[in-house]
Amino acid sequence: MNLRIENLTRNYGSVKALDNFSLEVKSGEFMALLGPSGCGKTTVVRCIAGLINPSVGQIYIGDQLVNQLPPKDRDVAMVFQNYALYPHMSVYDNIAFPLKMRKIPKQQIKDKVKNISQLLEIESFLSRKPKELSGGQMQRVALGRALVREPKIFLMDEPLSNLDAKLRTYMRAEIKKLQKKISITTLYITHDQLEAISMADRIAVMNSGLVQQIGTAEKIYREPANTFVADFVGSPSMNFLKLSIIESDYYNDNVAIESNGRDLQIPINKLPFKLPVEKNIIIGIRPRDILFLTNEDFNGIKVKGKISFTELLGDDSLVEIKIGIDESIKVTTTDISLDFTIGKDVTVGMPYDKIHFFEPRTGNRLVGLQSIDR
Ligand SMILES: Nc1ncnc2c1ncn2[C@@H]1O[C@H](COP(=O)(O)OP(=O)(O)OP(=O)(O)O)[C@@H](O)[C@H]1O
Ligand SMILES: [Mg+2]
């Protein structure tokens with residue numbers, strides 16, 4: 001069953017939590033809704049579940065408009081960060097509870113609880129109380145309780161954020177496997193880009209109540225739609241440099257650009273668009289795409305700078321390079337033979353095919369051979 005959200009707007013007093021928010025999750029798809037704290041993710045989930053009503057907009061489950069349906073008739077299951085199991089009930093009773101509430105015959109309940117607990121590998125502790133379980137086990141019981149009704153839509157709102165890092169990684173894989181096994185249409189809320197990238201078929205990136213981009217993890221990483229997405233997805237974040245075009249020498253196929261007092265040259269055919277002189281642009285490049293240069297031949301923009309900071313990030317080294325009075329860029333490298341002494345002069349290179357171009361006013365990605373106005 002697919003889930004379609006159209007033009008949702010929701011205010012809390014003067015706070016606009018959702019602003020014309022639209023999203024479609026295909027039948028059986030695992031969609032992650034990724035965005036920073038306060039951007040409106042939980043508000044989306046609460047509207048879908050029917051806990052609150054949107055001020056404007058429609059929610060469809062399959063072909064049915066569900067705006068007017070009470071939560072219990074929407075056939076939506078939810079799992080939250082605090083799994084809120086009933087402490088006085090056994091694991092079995094916790095999972096059976098939603099079925100008992102629906103007056104399902106006893107034998108049928110037994111069968112369904114058995115099936116779901118096999119799926120989640122929790123059969124061996126069905127008689128325990130929640131306080132006798134680990135965090136990961138509790139979270140699996142919460143998943144079982146949500147899924148035992150065989151709902152049409154599965155909503156998870158940061159379900160792993162109470163777990164420690166190791167368990168979180170483990171449960172990420174478990175949830176993904178489970179979702180594929182029962183192929184239930186899933187909307188998974190997170191502010192953790194790694195979680196979104198590792199679990200979801202597609203990701204919707206949102207900010208300030210608005211969808212910024214929807215696509216596969218690869219598409220979002222390789223072709224971010226705007227500077228927000230480019231900055232939010234990827235770790236460490238993309239570097240951004242403000243540039244202005246000071247000369248377009250179309251005869252010599254060169255564009256001279258200026259960045260913070262430095263002149264740089266870019267061949268015209270490396271720009272995805274024609275730029276008028278005095279136009280500002282933003283270029284973005286990921287830390288792992290910048291190279292330390294030793295010889296002069298390089299097919300990209302070269303920049304000189306001084307190492308100002310280094311940090312070891314597991315296999316990668318993060319090196320911060322001061323390239324202007326108030327400008328620095330971050331570079332990551334796995335090459336441990338390099339000398340990263342603070343204060344050392346270095347030349348780094350940004351390959352043309354790794355540079356992203358953005359329009360500074362809107363932050364939107366510049367693509368194709370478009371001309372932009374001043
Ligand atoms: N009941 C409420 N009354 C007033 N404002 C609210 C209420 N609930 C949420 N908000 C505001 O609406 C905006 C969106 O909140 P929401 O809970 O949807 O964000 P979120 O993306 O889930 O954030 P987080 O990642 O921190 O959980 C925030 O600015 C929040 O302060
Ligand atoms: Mg939230």
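**Exercise 1. In this predicted model, describe how helix H2 (residues 91–101) and helix H4 (residues 135–147) pack.**

Step 1. The axes of H2 and H4 lie 7 Å apart and make an angle of about 30 degrees.

Step 2. Angles under 35 degrees count as roughly parallel, and H2 and H4 are therefore roughly parallel to each other.

Step 3. The crossing in which H2 passes H4 is right-handed.

Step 4. On the H2 side the contact is made by Val91, Asn94, Ile95, Phe97 and Pro98, and on the H4 side by Val141, Gly144 and Arg145.

Step 5. Sorted by class, this contact of H2 with H4 has five nonpolar, two polar and one charged residues.

**Exercise 2. Carry out the analysis for H4 and helix H5 (residues 165–182).**

Step 1. H4 and H5 pack with their axes 11 Å apart, at an angle of about 25 degrees.

Step 2. This angle makes H4 roughly parallel to H5.

Step 3. H4 passes H5 in a right-handed crossing.

Step 4. H4 contributes Gly135, Gly136, Gln139 and Leu143 to the contact, while H5 contributes Leu167, Tyr170, Met171 and Leu178.

Step 5. The contact of H4 with H5 has five nonpolar and three polar residues, and no charged residues.

**Exercise 3. Find the strand order of the four-strand open sheet and explain why S2 and strand S5 (64–65) each have one side without a neighbour.**

Step 1. The order is S2-S1-S4-S5, and the pairing is antiparallel.

Step 2. S2 and S5 stand at the edges with a single partner strand each, so one side of each has no neighbour in the sheet.

Step 3. Strand S1 (residues 3–12) pairs with S2 over seven bridges in the antiparallel sense. For register, arginine 10 has leucine 18 of S2 as its bridge partner, and leucine 3 stands opposite valine 25 in S2.

Step 4. S1 and S2 form a hairpin with two residues between them. Glycine 13, in the turn, has a positive phi of about 55 degrees.

**Exercise 4. Describe the open sheet of six strands and locate H1 relative to the sheet.**

Step 1. The strands follow the order S6-S7-S8-S3-S9-S10, with mixed pairing.

Step 2. Strand S6 (76–79) and strand S10 (210–215) are at the edges; each has a single partner strand, so one side of each is left without a neighbour in the sheet.

Step 3. On average, neighbouring strands of this sheet are turned by 20 degrees against each other, direction ignored.

Step 4. S6 and strand S7 (residues 153–157) run parallel and are joined by four bridges. In S7, phenylalanine 154 is the bridge partner of alanine 77.

Step 5. H1 packs on the sheet and touches strand S3 (30–34), S6, S7, strand S8 (185–190) and strand S9 (202–207). The direction of H1 makes about 150 degrees with that of S7.

**Exercise 5. Which residues are around ligand 1, and which element supplies the largest share of the shell?**

Step 1. The residues around ligand 1 are Tyr12, Val15, Ala17, Gly35, Ser37, Gly38, Cys39, Gly40, Lys41, Thr42, Thr43 and His191.

Step 2. At least two residues of the shell come from each of strand S2 (15–25) and helix H1 (41–49).

Step 3. H1 supplies the largest share, three residues.

Step 4. By class, the shell has four nonpolar, seven polar and one charged residues.

Conventions:
Residues are numbered from 1 along each chain as its sequence is written. Chains are lettered from A and ligands numbered from 1 in the order in which they are written. This is a predicted model: local features need pLDDT of at least 70, side-chain atom pairs count only at pLDDT 80 or more; totals for chains, interfaces and linings use all residues. A residue is near a molecule or strand if its C-beta atom, placed from the backbone, lies within 6 Å of it. Ala, Val, Leu, Ile, Met, Phe, Trp, Tyr, Cys and Pro count as nonpolar, Asp, Glu, Lys and Arg as charged, and the others, Gly among them, as polar. Two strands pair if DSSP finds at least two bridges between them. Axes are lines fitted to C-alpha atoms, for helices over the stretch in contact, and angles run from 0 to 180 degrees between N-to-C directions. Angles under 35 degrees count as roughly parallel, over 145 as roughly antiparallel, 65 to 115 as roughly perpendicular and the rest as oblique. A crossing is left-handed if the near helix is turned anticlockwise from the far one by less than a right angle, and right-handed if clockwise. Two residues are in contact if their C-beta atoms, placed from the backbone, lie within 7 Å.
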